[in-house]
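Biologist: Got a minute to walk through this model with me? Let's have it on screen.

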Amino acid sequence: MQECIDQKVYQAEVDNLPAAFEDGSVNGGDRPGGSSLSIHTANPGSHVEIRASYIGTTIIIRQTAGQLSFSIKAAEDVARAFSAEQDLQLCVGGCPPSQQLSHSESNRRGAITIDTARQLCKEGLPVEDAYFHSCVFDVLISGDPNFTVAAQAALEDARAFLPDLEKLHLFPSDAGIPLSSATLLAPLLSGLFVLWLCIQ
């Protein structure tokens, strides 16, 4: 909406979750309607919300367990309005080398068994839905029990975004894919980069 707001770029990295856009501003500029794009911080350094009310979109960026995650609520017409060739990118630089897990590293992280990961995740996610399975996958692969917090935060974002709480829990059968311990290692959802796109 060039007639209303200036183009803004938001860039976050682990341990650098700014409460402003790259140019230091916290809204869409001085033009009429510029306040319809705004950035807010609920918890400086760990939780930022970008609200683009002119297109009914909210993006929540969190830092949890040394990783970034984001949740997005967007209207269906906005989500489908752009082709693959258009420059709408959430993650442009890929995963930094310091954040990548190599196969040999994941083998060394075997301190957490699948049963332990399930138990840790069950504490904060009692329903065995996609959030739970994502949590188990992340805890198991990373070896870090703190990933339970990322999955819980994704579920809380979904609660805030969804008007119909009956659609809150996503079950493997909803996607036509049965999840079991054997298929758990195929990452259906990863709390490392939880993307919640709520089609309204």
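Biologist: Start with α4 and α5. Which residues of α4 meet which in α5?

Modeller: On the α4 side there are Tyr131, Cys135, Asp138, Val139 and Ser142. They meet Phe147, Thr148, Ala151, Ala154, Leu155 and Ala158 of α5. Keep in mind that this is a predicted model.

Biologist: How do the residues of that contact divide into nonpolar, polar and charged?

Modeller: The split is 8 nonpolar, 2 polar and 1 charged.

Biologist: And at what angle do the two helices pack?

Modeller: About 160 degrees, with the axes 8 Å apart. Helix α4 covers residues 130-142, and helix α5 covers residues 147-161.

Biologist: What does that make α4 relative to α5, roughly parallel or roughly antiparallel?

Modeller: Roughly antiparallel, because the angle is over 145 degrees.

Biologist: Is the crossing left-handed or right-handed?

Modeller: Right-handed, as α4 passes α5.

Biologist: Zooming out. How many helices and strands does the protein have?

Modeller: There are 5 helices and 5 strands.

Biologist: In what order do they run?

Modeller: From the N terminus, the order is β-β-β-β-α-α-α-α-α-β. So four strands lead, five helices follow, and a strand closes the run.

Biologist: What share of the residues is buried?

Modeller: 36% of the 200 residues count as buried.

Biologist: And the surface, how much does the protein expose?

Modeller: About 11,500 Å². Carbon and sulfur atoms supply 53% of that area.

Biologist: Last one. What share of the contacts joins residues at least 24 apart?

Modeller: 51%, counted among contacts between residues at least 6 apart in sequence.

Definitions and conventions:
Residues are numbered from 1 along each chain as its sequence is written. This is a predicted model: local features need pLDDT of at least 70, side-chain atom pairs count only at pLDDT 80 or more; totals for chains, interfaces and linings use all residues. Side-chain values use heavy atoms; hydrogens and water are left out. Buried means under 20% relative accessible area, exposed over 50%, partly exposed in between (1.4 Å probe, protein chains only). Contact means heavy atoms within 4.5 Å. Accessible areas come from the Shrake-Rupley method with a 1.4 Å probe; for residues, only the protein chains shown count as cover. Axes are lines fitted to C-alpha atoms, for helices over the stretch in contact, and angles run from 0 to 180 degrees between N-to-C directions. Angles under 35 degrees count as roughly parallel, over 145 as roughly antiparallel, 65 to 115 as roughly perpendicular and the rest as oblique. A crossing is left-handed if the near helix is turned anticlockwise from the far one by less than a right angle, and right-handed if clockwise. Ala, Val, Leu, Ile, Met, Phe, Trp, Tyr, Cys and Pro count as nonpolar, Asp, Glu, Lys and Arg as charged, and the others, Gly among them, as polar.
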